[in-house]
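Grab the structure and work through these exercises with it open. Each one sets a task, then walks through a solution.

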Amino acid sequence: MTGADGGTVWWGWGAAEAHIPLPAGVRSLLEQVLGTACRDTPPVGPDALRLPVGRLGDDARAALVGVLGPAWVRDDRASLVRHCRGRSTTDLLRLRAGDAMDAPDAVVLPASHDEVLAVLAVCGRHRLAVVPFGGGTSVVGGLVAVRAGLAGVIALDMARMNRLVSVDAESHIVTVEPGMRGPALEAGLATHGFTLGHLPQSWEYATVGGFAATRSSGQASAGHGRFDSMVLGVRVATPVGTWELGRAPASAAGPDLRELVLGSEGAFGVITQVRLRVRPRPEATYYEGWRLTDFTGAADVLRALAQRDLLPTVVRLSDEVETAAGLPGGGPVGGDPATGDSGTGTGDPATGGGCQLITGYEGRAGWVAARRSEVGELLHAAGAVALGRDIGASWVRDRFRGPYLRDALLDVGMFAETLETAGFWSTLPGLYTGVRDAIVAALAAQDAPGVIMCHISHVYPTGASLYFTVVCPQPGEPVASWVAVKAAATRAVLDAGGTITHHHAVGTDHQPWLAAEIGDIGMAVLRSVKDTLDPAGILNPGILLR
Ligand SMILES: Cc1cc2nc3c(=O)[nH]c(=O)nc-3n(C[C@H](O)[C@H](O)[C@H](O)COP(=O)(O)OP(=O)(O)OC[C@H]3O[C@@H](n4cnc5c(N)ncnc54)[C@H](O)[C@@H]3O)c2cc1C
C-alpha cells in the first residue's frame with residue numbers, strides 16, 4: 001500500500017509477519033536476572049483505540065482534496081492511527097494501551113514539490129498544523145504537533161515522493177526525493193554501481209527526508225560519516241516559498257545555510273529533495289569480532305584508532321553488561337528473535353567475558369586488507385583477543401532485528417528503551433559513569449530492577465557517542481516512570497558536558513533541555529529563522545521550538 005501504513009503494524013515495528021514471540025531462552029534469562037515473572041501484556045484491539053475528535057473542517061478538507069485529489073487525503077481510522085506519534089517505547093506503550101489521542105485529523109500524501117507548496121498554502125489559510133512524516137520512526141516525539149491556537153493537524157506523509165531523481169555518475173552525486181526508504185535507496189544506487197552506506201538501525205523504514213531532518217547517524221559512521229556529512233544540497237518547501245541550497249562541493253558564500261535545514265525536524269520547511277554524495281560499491285567487505293578486557297580501556301583503543309586515522313568502516317564496542325547479556329546485536333535490544341539466539345556476546349563462556357568489539361571494513365580490496373591488518377596490529381598490542389568472522393557475520397545478519405525483539409518484550413510485560421549522547425574523549429569516562437549512575441538511581445527510586453547496557457558505535461578523533469539501553473519489568477505507570485528516568489539521565493548528560501542528543505534529534509522530548517545546550521542566543525537565532533520561514537507557525541509547532 002502506498003503511504004498511509006507502509007505495510008507496518010500499528011502497535012510496534014515493521015511488518016506483522018516479521019514478529020515472533022519472545023524466545024523461551026531469553027524469557028527465562030530475563031526472569032532470572034530481573035527476578036520478575038514475565039506476564040502477557042498484549043496491545044488492545046484496534047477497535048479500543050481512542051482517537052481525538054476530527055477537527056478538519058469541510059472547507060479545509062475540500063481545499064486539500066482540490067490540491068491532491070480524494071485518494072490522497074485520508075481520515076480513515078487506520079491511516080490516522082498509523083500516523084500517531086513515532087516509534088519510541090513510550091509511543092508504543094501509549095498506543096498499546098489504547099491511547100491514540102495524538103493522531104492527526106487527516107493524512108495527506110503529496111506527489112511533488114509543487115503539491116507540497118500548495119498544501120502549505122491551504123494549511124496557512126485554514127490554520128492547520130503540518131507535521132512532515134517520513135518513516136514515522138522518530139524516537140523523540142518529533143511527530144506530535146502542539147495543537148494550541150490552531151484549527152487542526154495534518155500529517156504530510158512523503159511516501160509518494162520516493163524517486164531516485166537523477167544520478168551524476170561523473171561527480172558521484174545523486175538527487176533523491178525525501179520519501180525514499182533506506183533499502184529502496186541502496187537498491188536504486190546499486191543499479192548504478194554506487195552505495196550511500198547510511199545504515200541506522202531504523203534503515204528498513206526510515207526515509208531520506210527523515211535522515212536529513214534529524215541529522216541521523218548510521219552503523220557505518222566511522223567509515224562513511226553521519227548523514228549530514230553526505231548532504232550536498234537540499235530543496236525545501238516553506239510557507240514563504242522554495243529554498244534551494246548547495247551548488248558546489250564547497251563554498252565560502254557566507255555561513256553554510258544547509259545546516260539550518262539539517263536537523264530542523266520539519267519546523268522550518270518540508271525537505272522535498274536531497275542531493276547526496278555517494279561512493280562506488282565496495283569491492284570487499286570483512287566483519288569480525290574482538291574481546292577486550294574492560295570498557296574504559298577498550299574506548300582508549302578506539303580513540304587511538306580514530307586519532308591515528310585508522311578507523312574501520314564500522315566499530316561497535318559493547319560494555320561489559322551489554323556483552324554479558326549477549327545483546328551486542330544492538331539497538332533497543334539486540335539478538336535474533338527469529339532463531340532464539342540471544343546475541344553474539346562474548347559473555348558466552350566460550351568467548352570469555354570482557355567487552356565485545358565488532359570491526360567491519362568495506363571498500364577497495366587493497367584498502368580492506370591493509371586497514372584490517374593495521375587495526376589488528378593495534379588491537380593485538382592492546383591485548384585484544386580475536387574472536388573471528390562468525391561473530392562479525394552474525395552481527396551483520398542481526399543488526400536490524402532489535403526493534404522486533406523490543407515488541408516481543410513489550411508483549412510479556414518487559415520494558416526496553418534507549419538513550420544516547422556524545423562527548424569529547426576527555427569527558428567520556430565521566431559521562432559514562434554519570435549517566436549510568438543517574439539511571440541506576442532513578443530506577444532504584446522507583447523500586448524497579450533493571451539492566452543497563454551501553455555501547456559506542458560512532459567514533460571521532462575528538463570523542464564518541466554513548467548509547468544506553470535499559471531493560472526492566474514494565475512499572476505500573478511505564479510512561480511516567482521512563483520520563484523520570486530520562487530526565488535524570490539528561491541532567492547527568494548536561495552535568496558531565498555531553499550533548500542532549502548525538503543522533504536522535506530534539507523533537508518534543510529533548511526540547512526542554514535545548515536551551516541548556518545552545519544557550520538563549522542560540523534559541524533566539526532558531527526562533528528568528530522559524531519566524532522568517534514559517535511566520536504563521538504552522539510547521540511542526542512545539543517540535544524543536546516551543
Ligand atoms: C528501532 C529504532 C532504531 C533507530 N536507530 C537509529 C539509528 O541507528 N540512528 C539514528 O540516527 N536514528 C535512529 N532512530 C531514530 C529515527 O529512525 C531517525 O531519527 C530517522 O532519521 C527518522 O527518519 P524517518 O523517515 O522515520 O522520520 P520521521 O520519524 O517520519 O520524522 C522525524 C522528524 O523529521 C521530520 N521530517 C520527516 N521528513 C521530513 C521532511 N521531508 N522534511 C522536513 N521534516 C521532515 C518529522 O516531522 C519529524 O520531526 C531509530 C529509531 C527506531 C525506532
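**Exercise 1.** Which element supplies the largest share of the lining of the largest pocket? Keep in mind that this is a predicted model.

*Solution.* Start with the space itself: the largest pocket holds about 770 Å³. Its lining is made up of 33 residues, and Arg-215, Arg-226, Thr-499, Thr-501 and Glu-517 sit closest to the centre. Next, look for elements that give at least two residues each: helix H9 (258-261), strand E16 (414-424), strand E19 (463-473) and helix H17 (511-533). Of these, H17 is your answer, as it brings the largest share with six residues. Finish by sorting the lining by class, which gives 15 nonpolar, 13 polar and five charged residues.

**Exercise 2.** Work out which element gives the most to the lining of the second largest pocket, and how that lining divides by class.

*Solution.* This pocket offers about 480 Å³ of space. Go to its centre, where Thr-90, Val-483, Lys-486, Thr-508 and Asp-509 are the closest of 27 lining residues. Then list the elements with two or more residues in the lining: helix H4 (89-96), E16 and helix H16 (478-495). H16 comes out on top with eight residues. Strand E16 should ring a bell, since it also supplies at least two residues to the lining of the largest pocket. As for class, count 11 nonpolar, eight polar and eight charged residues.

**Exercise 3.** Describe the shell around the ligand: which residues come nearest, and which element supplies the largest share?

*Solution.* There are 35 residues around the ligand, and Pro-132, Thr-137, Gly-142, Ser-202 and Thr-207 come nearest. Now map the shell onto elements: strand E3 (128-133), helix H7 (208-214) and strand E10 (270-277) each put in at least two residues. The largest share belongs to H7, with five. By class, the shell splits into 14 nonpolar, 19 polar and two charged residues.

**Exercise 4.** Find polar backbone atoms that approach the ligand, then say how much of the ligand's area the protein buries.

*Solution.* Use 3.5 Å between N or O atoms as your cut-off. Begin at Gly-135, where a backbone N or O atom is 2.8 Å from a ligand oxygen. Move on to Ile-271: one of its polar backbone atoms lies 2.8 Å from a nitrogen of the ligand. Then try His-503, with a polar backbone atom 3.4 Å from a ligand oxygen. For the last step, take the ligand alone, which exposes 970 Å², and note that the protein buries 98% of that.

How values were computed
Residues are numbered from 1 along each chain as its sequence is written. This is a predicted model: local features need pLDDT of at least 70, side-chain atom pairs count only at pLDDT 80 or more; totals for chains, interfaces and linings use all residues. Side-chain values use heavy atoms; hydrogens and water are left out. A residue is near a molecule or strand if one of its heavy atoms lies within 4 Å of it. A polar contact is a pair of N or O atoms within 3.5 Å; within protein, one must be able to donate a hydrogen and the other to accept it, and residues adjacent in sequence count only if both atoms are side-chain atoms. Accessible areas come from the Shrake-Rupley method with a 1.4 Å probe; for residues, only the protein chains shown count as cover. Helices (H or I, at least four residues) and strands (E, at least two) are DSSP runs, numbered from the N terminus. Ala, Val, Leu, Ile, Met, Phe, Trp, Tyr, Cys and Pro count as nonpolar, Asp, Glu, Lys and Arg as charged, and the others, Gly among them, as polar. On a 1 Å grid over the protein atoms alone, a cavity is a set of points where a 1.4 Å probe fits but cannot get out, and a pocket is an open set with protein on both sides within 12 Å along at least five of seven lines; lining residues have an atom within 4 Å of a point. Grid points are joined across faces, edges and corners, and a volume is the space filled by probe spheres set on the points.
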